[in-house]
Amino acid sequence: MKIRILDLLEETMADGPGFRTSIYCAGCAHHCPGCHNPQSWDFHGGREVSVDELLEVVKADEFADVTFSGGDPLYQVEAFTELARRIKEETGKNIWCYTGFTYEEILSDPKMSRILPYIDTLVDGPFIQELRDPDLHFRGSSNQRLIHLTPQEEEAIPGTVFVTPFK
Ligand code: SF4
């Protein structure tokens, strides 16, 4: 199984707490006005990398957690679900996932919702220019939520929404 990616950053601190391996995938159809990265919209951009290769990169850094970003990872949800499942089964790493879909949209979609049991924190919803706030932590506009899907030991980041675990 393959994922089309634009970039792979190791030891970044921009996409969640602590050091993280961030996988930026290609393709997004949300087309939010003011998107910080419109070059990521092309579903044919970047290059294809196998889930196995990505897993090796993730496992190579013993201490870094993982972030899925884009583009929007949920347009390649089957492959990202496979990657997330294997990260959880083979490492103790925490996974953050950015998406332009809302949590409620994901929950009501049988295919997309299959990734949720493997995600610790979902950063959800489209970027809305009118709600842009540079003081927000790890997100661009105030409609976007940091949804903790699993119990978190670290101190909650301001704006965090906790949901009852459903798994
Ligand atoms: S969901 Fe993210 S990547 Fe997609 S258009 Fe909106 S801001 Fe850009």
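Trainee: How far does α2 reach from its first C-alpha to its last?
Mentor: This is a predicted model. Helix α2 spans residues 77-90 and has 14 residues. At 1.5 Å a residue, 20 Å is expected. The computed reach is close to that, at 19 Å.

Trainee: Which residues of α2 are buried, and how are they arranged around the axis?
Mentor: Seen down the axis of α2, the buried residues fall within an arc of 165°, so they line one face of the helix. On the other side, E89 and E90 are exposed. The buried residues are V77, F80, T81, L83, A84 and I87.

Trainee: What do the buried residues of α2 pack against?
Mentor: Two of the partners are strands that the helix links: the chain crosses from β4 through α2 to β5. The others are β1 (2-12) and α1 (51-60). The full list is β1, α1, β4 and β5.

Trainee: Is the crossover from β4 through α2 to β5 right-handed or left-handed?
Mentor: Three bridges join β4 to β5 (residues 95-98), and the two strands run parallel. In β5, W96 is the bridge partner of T67. The chain goes from β4 through α2 to β5, and this β-α-β crossover is right-handed.

Trainee: Which residue of β4 is the bridge partner of I23?
Mentor: Look at strand β2 (residues 20-25). Five bridges join β2 to β4, and these strands run parallel. For I23, the partner in β4 is F68.

Trainee: How many of the five residues of β4 are buried?
Mentor: In a regular strand, side chains alternate between the two faces of the sheet. On one side of β4, D65, T67 and S69 are buried; on the other, V66 and F68 are buried. Both faces are covered. Strand β4 is largely enclosed by the rest of the structure, because the buried count is five of the five.

Trainee: Which element gives the largest share of the largest nonpolar core?
Mentor: That core has 34 residues. Those with the most contacts inside it are F80, A84, I95, C97, I115 and I119. Several elements each supply at least two residues, among them β6 (121-124) and β7 (145-148). The largest share is five residues, and it comes from α2.

Trainee: Which residues does C97 touch, leaving out those up to four places away in sequence?
Mentor: C97 is among the residues with the most contacts inside the largest nonpolar core. One residue it touches is F68, which is buried in β4. The complete set is F68, P73, I119 and L122.

Note on methods
Residues are numbered from 1 along each chain as its sequence is written. This is a predicted model: local features need pLDDT of at least 70, side-chain atom pairs count only at pLDDT 80 or more; totals for chains, interfaces and linings use all residues. A residue is buried if 20 or more other C-beta atoms lie within 10 Å of its own, exposed if 12 or fewer, and partly exposed in between; C-beta atoms are placed from the backbone. Helices (H or I, at least four residues) and strands (E, at least two) are DSSP runs, numbered from the N terminus. Two strands pair if DSSP finds at least two bridges between them. A crossover is right-handed if, with the strands pointing away from the viewer, the path from the first strand over the helix to the second runs clockwise. The expected span of a helix is 1.5 Å times one less than its number of residues. The arc is that of the directions from the helix axis to the C-beta atoms. Two residues are in contact if their C-beta atoms, placed from the backbone, lie within 7 Å. A nonpolar core is a set of buried Ala, Val, Leu, Ile, Met, Phe, Trp, Tyr and Cys residues joined through C-beta atoms within 7 Å.
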